[in-house]
Amino acid sequence: MAVVSVIATVKNEVTSIQELLDSLAAQSHPPDEVVIADGGSADGTLERLRAERRLPLRVIEAPGANIAQGRNRAIAAARGEIIAVTDAGVRLHPDWLRHLLRPFRERPETMVAAGFFLPDPRTPFEVAMAATVLPELRDIRPERFWPSSRSVAFRKSAWEAVGGYPEWLDYCEDLVFDFALYERFGPFAFVPEAVVYFRPRPTMRAFFVQYYRYARGDGKADLWRLRHAIRYGTYLGLVPLLAGLSLGVHPLFALGYLLGGALYLRTPYRRLFRLWEGYPWEDRIRMLGWVPLIRVWGDIAKMCGYPVGVWWRWRHRRGLRRLRGSTSLSR
């Protein structure tokens, strides 16, 4: 088997980095090396990394580097032919790396293997958050699954061939990287058993920031134009509905929105009913109320972030024309 390097980039992750290190040390297939790029932590993350003795760990200090820059620096420094990428804020299943490497062992022509992630909620609110925003395996179309860089592996030569992660993007960089790999090498090997456990955002404020940044990245990368247009149109349509409630609205108009809302919440509630096992009925009632609030709050965050990214892209349009990887699937 080829040399395997696990890489990650972190910044101010002192509360979560130990869980990642522990789960890396517990892998049934140990990595040949672990390379972590630190983007300028000031909370004790670096000290925690330097104290690690169980792993063949190298730490690269890259103050000011964004996520894409940190990953590229870690990969450039890695000696492995195969690069497995994960992230802070997760814990890895003990067989994560063994499963993720299976396509490379079984089919030498494999260039990219996509793992999966499952929610790791710690509170009733996080259960509702997971149900609302994180997909289940049944929601995935393997042939068009774009893996998060929480759980993905690729040959270093593939990373080189597409020019690495796009360093001009601060968020959604892994999605644009996926598109470049797909365009160059075709569908990825999907390995749902290569699981990482991801903790959802614990507060509405943290969730707003997360989705604002995701949508800003969409605007910068010119992604999902139609999705964002539909979202704006849907919420703008609520204005005449709400304004007309006191004057009387056509019942079909109101009924259409009610049915649309029910369909919009059907999948999150389906997930919730499987995730809330073991919680008392008081918490379940709260979860039922949180789901639509989280859904709407996330949409508001996206509608705030997307135009900021579009404006950034317009201001940098000349420079972006010279960059590879700016292809949009939404055109």
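Me: Before we get to the cysteines, what counts as a disulfide here?
Reply: A disulfide is a pair of cysteine sulfur atoms within 2.5 Å. Keep in mind that this is a predicted model.

Me: OK, so how many disulfides does that give?
Reply: The count comes to zero.

Me: Why does Cys304 have no bond?
Reply: Because the closest cysteine sulfur, in Cys172, is 16 Å from the sulfur of Cys304, and that is too far for a bond.

Me: And are those two buried or partly exposed?
Reply: Cys172 is buried, at 9% relative accessibility. Cys304 is partly exposed, at 36%.

Me: Switching to the inside. Which residues have the most contacts in the largest nonpolar core?
Reply: Ile7, Phe154 and Tyr165, in a core of 35 residues. Several elements each supply at least two residues of this core, including strands β2 (33-38) and β7 (152-155) and helices α3 (67-77) and α6 (156-161).

Me: Which element gives the largest share of this core?
Reply: That's α7, with six residues. Helix α7 covers 173-185.

Me: Now charges. How many salt bridges does the structure hold?
Reply: There are 25 salt bridges. As background, side chains of opposite charge can pair when their charged atoms come close.

Me: What does Asp22 pair with?
Reply: Asp22 forms a salt bridge with Arg54, and their closest N and O atoms are 2.8 Å apart. This pair links distant parts of the chain, 32 residues apart: Asp22 sits in helix α1 (residues 17-25), while Arg54 is in the loop between α2 (45-50) and β3 (57-61).

Me: Are Asp22 and Arg54 buried or exposed?
Reply: Neither, by the cut-offs of under 20% for buried and over 50% for exposed. Asp22 has 34% relative accessibility, so it counts as partly exposed, and Arg54, at 47%, is partly exposed as well.

Me: What about Asp120, where's that one and what does it meet?
Reply: The side chain of Asp120 meets that of Arg91 in a salt bridge, 3.0 Å from N to O. Asp120 lies in the loop between β6 and α5 (124-133) and Arg91 in strand β5 (residues 90-92), so the pair ties together parts 29 residues apart in sequence. Asp120 is buried, with a relative accessible area of 9%, whereas Arg91 is partly exposed at 29%.

Me: Which helix holds Asp283 and Arg286?
Reply: Both are in helix α11, three residues apart, which is about one turn of the helix. That helix spans residues 281-315. The two form a salt bridge, with the closest N and O atoms 2.8 Å apart. Asp283 is buried, with a relative accessible area of 16%; Arg286 is partly exposed at 45%.

Me: Which residues do salt bridges with shared partners join into one network?
Reply: Glu136, Asp139, Arg270, Arg271 and Arg274.

Me: Back to α11. Where's Ile300, and what is it part of on the surface?
Reply: Ile300 is in helix α11 too. Together with Val296 and Trp297, Ile300 makes a nonpolar surface patch of about 210 Å². Ile300 itself is partly exposed, with a relative accessible area of 30%.

Me: Last one: where does Arg107 sit?
Reply: Arg107 is in the loop between α4 (96-106) and β6 (112-119), and it's partly exposed, with a relative accessible area of 35%. Its C-alpha atom is separated by 38 Å from that of Val14, which is 93 residues away along the chain.

Note on methods:
Residues are numbered from 1 along each chain as its sequence is written. This is a predicted model: local features need pLDDT of at least 70, side-chain atom pairs count only at pLDDT 80 or more; totals for chains, interfaces and linings use all residues. Side-chain values use heavy atoms; hydrogens and water are left out. Helices (H or I, at least four residues) and strands (E, at least two) are DSSP runs, numbered from the N terminus. Patches are made of residues with over 30% relative accessible area and no salt bridge: like charges are joined within 9 Å, nonpolar side chains (Val, Leu, Ile, Met, Phe, Trp, Tyr) within 5 Å. Accessible areas come from the Shrake-Rupley method with a 1.4 Å probe; for residues, only the protein chains shown count as cover. A salt bridge is a side-chain nitrogen of Lys or Arg within 4 Å of a carboxyl oxygen of Asp or Glu. Buried means under 20% relative accessible area, exposed over 50%, partly exposed in between (1.4 Å probe, protein chains only). A nonpolar core is a set of buried Ala, Val, Leu, Ile, Met, Phe, Trp, Tyr and Cys residues joined through side-chain atoms within 4.5 Å.
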